[in-house]
Amino acid sequence: MVNPHQDATQEQGTSGIWALLAEIPDPEMPYISIVDLGIVREVRWQPDALNVVLTPTYSGCPARREIEQSVRDALHRNGIQTLCIETRLHPAWTTEWVTALGREKMRAAGIAPPLAVLAEWQTLTFWPSSSDAPRPQCPHCGAAQTRLQNPCSGSRCKALYHCDACRNPFEYFKSF
Amino acid sequence: MNLSASCDTSLSDYLLRLGDNALILSQQLCGWCGHAPTLEEDVALSNIALDLLGQARLWLEYAGASMVPVRDEDDLAYHRDAHQFTHVLLVEQPNGNFADTQVRQFLFDSWHCLLLTELSRSTEPRISAIAIKARKEATYHLQHSSQWIVRLGDGTERSHRYAQRALEQCVDYVGELFAMDAVDHEMVRLGIGADLAALRPQWQAYVEQVLAAGNLVYPASALSVQGGRHGQHSELLVGLLMEMQHLARSYPGAQW
């Protein structure tokens, strides 16, 4: 059976789909979308379905099922009935995939965006104290004198820091 | 699949070990939820437990898919008895006091990072995909436990004493981490698994570097207690499984 809506969408190629997906908020950080986070890897029309490839952030991310459901809901609402969501583990998700827009949105929400991923993660590297490790700038005042308070914060992907300059706490999206 | 039947068994055994290590340690760490010394540490331990649970699911899903007949992750987690679990004995050692938990975690994390690095080069693409993902998470776990080792060891007289005593209790279970059996040899031969024995020097060097920063000493051990990977466990596992499996066994098919 041909779905007239689907045909209409199909004509737009996938840019319309990407635009729809870019409206879907991350369940734990609603100010940033799943496209900004780099979770959506690929959108592809197949003869009888739309294929969407998602790469999960952390293996135990509790938001994973909810993200899949919001993708389904958003696309169904826009007339796409036959949808295939593929979970792809490799290549593994990295914060290098967070878009420039995503980083801007984080900063605007008072969260320090992820620093570059260091090659050290692949070897056993010992930082005797957290002050030896690279530190994010304060998203409030821009100062570099910040201190790690807790490696985990409101969600798995963020750490809690304290700014010694403006004396405010802030969250840092950990590089991964 | 063009692998032979015996290789299939070795592969599912191998994956089961990886899954069980992560699952049991995750369940142990969940025991700290609401009880850790500070709120921040409570959140940290629960998040590490969450990562390990996510990894356990990936390994167990794959292990179950390579079994005949096929089993799913929940079936493997909830419907096996103590003697069918194949994790290393280190992870079933009791949470004890906070130093006991952090020392156990530190010895495990440092080994886990090295093991996952090796597995990320596996010729089996699904293993390498899971290992690369898990390796990134394990990096954060190791940073966290390493820093605790230094703080406890170089903290008060009491925290130092507890950390050193925890090391002395855990060290008997280190040998098993690097012991190679028939399954390991088969996996190495096929380019799928890791040569555990070869990881020891690097592990030892890292561990001693961190211990030195915390004024702790790696204890001399005459014992190497083994058997976990072949289903020989302590009574501690029975209580842990009763708690973990109770709901699924008492209310089959329960959903929420």
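Me: What makes A:R167 exposed?
Reply: Just count what surrounds it. This is a predicted model, and in it A:R167 has 10 other C-beta atoms within 10 Å. A residue counts as exposed at 12 or fewer, so A:R167 is exposed.

Me: Where does A:R167 lie, and what is its phi?
Reply: A:R167 lies in the loop between strand 6 (158–163) and strand 7 (169–173) of chain A. Its phi is positive, about 60°, although A:R167 is not a glycine.

Me: Which residue of chain B has a positive phi near 55°?
Reply: That's B:N215, again a residue other than glycine. You'll find B:N215 in the loop between helix 8 and helix 9 (236–250) of chain B.

Me: Why is B:N215 called partly exposed?
Reply: B:N215 has 13 C-beta neighbours inside 10 Å. Exposed stops at 12 and buried starts at 20, so B:N215 counts as partly exposed.

Me: And why does B:A82 count as partly exposed?
Reply: The C-beta neighbours of B:A82 inside 10 Å number 18. Buried needs 20 or more, so B:A82 counts as partly exposed. B:A82 sits in the loop between helix 3 (73–78) and helix 4 of chain B. Setting aside neighbours within four places in sequence, B:A82 is in contact with B:H233, B:L237, B:V238 and B:L241.

Me: Why is helix 5 of chain B called oblique to helix 6 of chain B?
Reply: Look at the angle. Helix 5 (residues 125–153) and helix 6 (residues 157–170) of chain B pack at about 125°, with their axes 7 Å apart. Roughly perpendicular covers 65 to 115 degrees and roughly antiparallel means over 145. The angle fits neither range, so helix 5 of chain B is oblique to helix 6 of chain B.

Me: Which residues make that contact between helix 5 and helix 6 of chain B?
Reply: Helix 5 of chain B brings B:I149, B:L152 and B:G153. From helix 6 of chain B come B:S159, B:H160, B:Y162 and B:A163. By type, the residues of this contact are 4 nonpolar, 3 polar and no charged.

Me: Which residues have the most contacts inside the largest nonpolar core?
Reply: They are B:L15, B:W59, B:L90, B:V103, B:L107, B:I149 and B:A163, in a core of 111 residues. Helix 2 (residues 39–65) of chain B supplies the largest share, 14 residues. The core also draws at least three residues from each of domain 1 (4–93) and domain 2 (110–173) of chain A. As for B:W59, leaving out residues up to four places away in sequence, it touches B:L15, B:L18, B:G19, B:A22 and B:I130.

Me: How many residues does each chain put into the contact between chain A and chain B?
Reply: Chain B gives 31 residues and chain A gives 21. On the side of chain B that touches chain A, helix 5 of chain B gives the most, with 14 residues. That side of chain B divides into 15 nonpolar, 11 polar and 5 charged.

Me: Where are the cis peptide bonds that join A:P91 and B:P69 to their partners?
Reply: One joins A:H90 and A:P91, with omega about -5°. A:P91 is in the loop between strand 3 (83–87) and helix 4 (100–108) of chain A. Another joins B:V68 and B:P69, with omega also about -5°. B:P69 is in the loop between helix 2 and helix 3 of chain B.

Terms used:
Residues numbered from 1 in each chain as written. Chains lettered and ligands numbered in written order. Predicted model: local features only at pLDDT ≥ 70, side-chain atom pairs only at ≥ 80, totals over all residues. Axes fitted to C-alpha atoms, helices over the stretch in contact; angles between N-to-C directions. Helix = DSSP H or I, 4+ residues; strand = E, 2+ residues; numbered from the N terminus. Parallel < 35°, antiparallel > 145°, perpendicular 65-115°, else oblique. Contact = placed C-beta atoms within 7 Å. Nonpolar A, V, L, I, M, F, W, Y, C, P; charged D, E, K, R; others polar. Core = buried A, V, L, I, M, F, W, Y, C linked by C-beta atoms within 7 Å. Domains from an automatic or database assignment.
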